[in-house]
Amino acid sequence: MNNTMTEVNFDCLAGPTHNFAGLSFGNLASMNNEKNYSSPKKAAMQGLEKMYFLYKKGFKQGILPPHKRPFMPILEQMGFTGTKQEIIKQALDNQEILVKNISSSSAMWAANSATISPSIDCSDNICHISVANLHNKFHRSIEAKQTYEVLKHIFSAKNFAVHQALTAHDIFSDEGAANHNRLCPNHDYQALEIFVYGKTAGLDTQKTLRYPARQSLLASQSIALRHKLNSDYVLFLEQNPLAIDEGAFHNDVVCVMNEQVILCHEQAFASNISLVKQRYEKLYKQEPIIIQISATDLSLQDCVSSYLFNSQLLSKPDGKMMLFAPMQTFNNPASAKVIKNILADNNPIDEVYYFDVSESMSNGGGPACLRLRLLLSSNELNNILPSVLFTEESYEKLRLFIESYYPQEFNLSYLLKSDFLQLCNFIHEEIFKILGLHRILN
Ligand code: SUG
């Protein structure tokens, strides 16, 4: 046991170029919604309202800023010259796919930005944060730099170690907290950290037939080592290749854990879940609560379209848990029935809320994708940059700002207008200022 730990969820706001570009092969929503109409304003407002809802429910919430897009260094490095507008024009004429990649607002899925081990899990008693290289998808791989700068600034105190992303190579392919879970009797315990991978190293080691496995075991092992975790408290589990091939590109599409509860699909892992149970019992002399949903009750296809497991599972002060699910879970009859049964059964989950995050969902991002989860002691919480914590004041400022300046819609041709490029810059800078991050603007 250690001192009291508080969960804080950091959500990242969508940026002004949020769009559906079909960039994520293996992510069915991204593949199916390519070219659909997108609304950056709606995306940012949905994200902000999500944070506000949870904040009002009494949960601690943090805010991360959108990344600077379009990301010009890539086009400059390619040799395009001229004004920003001229460079984009040349790139759009010759390499439209590249412009799509550098304009994505994909950093909004904060669950992929880093893997975090709270200080109670680490032998040096420091909270370790490893930025993810997101190497599997080009548009995501360019996130690591800003993510590092922002996290380094927020967690600059000596209580934290923020690590650079692992070397950007397929063998170290790392997707952050989306493939990482902690299991323990309650938040105040050193947890069994569970790392989930889809391949042992590079492409040649993946077992999927249709879609790429994104997370490598080698990356997960490196993170466990960097974070100074006790090996008795670490488990590496293989994703079921079948689940990846059905569109579960990250483990958080088929599994969510909180404290002693595992809510997962029976086809989530390649191995039997009893492995986790045995290790847990050995460590804590009690059983975890495993809520495993069968393929008969919910097929992998329904799992992926309803995103039930991409709900946030949150501990309430009364000791019970609340599920914060996307609206799609409610609209899918099979997943809605599964939820009904979970609520009726004898387990800690006694409340569910469905929320509209449709702009994110159309790119394969549910509530859990939008947040980076941290556990902090009160001392650690007092030592982070306070201006990134969600308050009534920051909500009001951001709401007014988004309503006044965010574009109602976006398509690539907007990038040809210099006033739009200026607007993107302005939005980026102002949000950094609102969040007290102006010192790291460049
Ligand atoms: O990496 N979608 C993201 C969704 C990430 C969801 N995160 C978690 N499961 N934790 C991805 O595939 C789509 C972008 C586009 O197609 O425009 C995209 O990047």
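**A small tour: one sheet and two cavities**

Let's start with a single pair of residues: Val-261 has Ile-289, in strand β11, as its bridge partner. Keep in mind as you look around that this is a predicted model.

That pair belongs to a wider connection. Val-261 sits in strand β10, which covers residues 261-265 and is joined to β11 by five bridges. The two strands, β10 and β11, run parallel. Now bring in a third strand, β9, and you have an open sheet with the order β9-β10-β11 and mixed pairing. On its edges lie β9 (255-258) and β11 (289-293), each of which pairs on one side only. If you ignore direction, neighbouring strands in this sheet are turned by 10° against each other on average.

Next, let's look at the empty spaces. The structure contains eight cavities of 30 Å³ or more, and the largest has a volume of about 350 Å³. Its lining is made of 24 residues, and those closest to the centre are His-180, Asn-181, Arg-182, Arg-371 and Arg-373. Here you meet β9 again: this strand, β6 (180-183) and β15 (371-377) each give at least two residues to the lining of the largest cavity. Sorted by class, that lining has 13 nonpolar, five polar and six charged residues.

The second largest cavity holds about 180 Å³ of space. Around it are 21 lining residues, with Ser-24, Asn-27, Trp-109, His-139 and Asn-363 nearest its centre. What classes of residue make up the lining of this second largest cavity? There are six nonpolar, 13 polar and two charged residues.

Note on methods. Residues numbered from 1 in each chain as written. Predicted model: local features only at pLDDT ≥ 70, side-chain atom pairs only at ≥ 80, totals over all residues. Heavy atoms only, no water. Pairing = 2+ DSSP bridges. Helix = DSSP H or I, 4+ residues; strand = E, 2+ residues; numbered from the N terminus. Axes fitted to C-alpha atoms, helices over the stretch in contact; angles between N-to-C directions. 1 Å grid on protein atoms, 1.4 Å probe; cavity = no way out; pocket = protein on both sides within 12 Å on 5 of 7 lines; lining within 4 Å. Points joined across faces, edges and corners; volume = space filled by probe spheres on them. Nonpolar A, V, L, I, M, F, W, Y, C, P; charged D, E, K, R; others polar.
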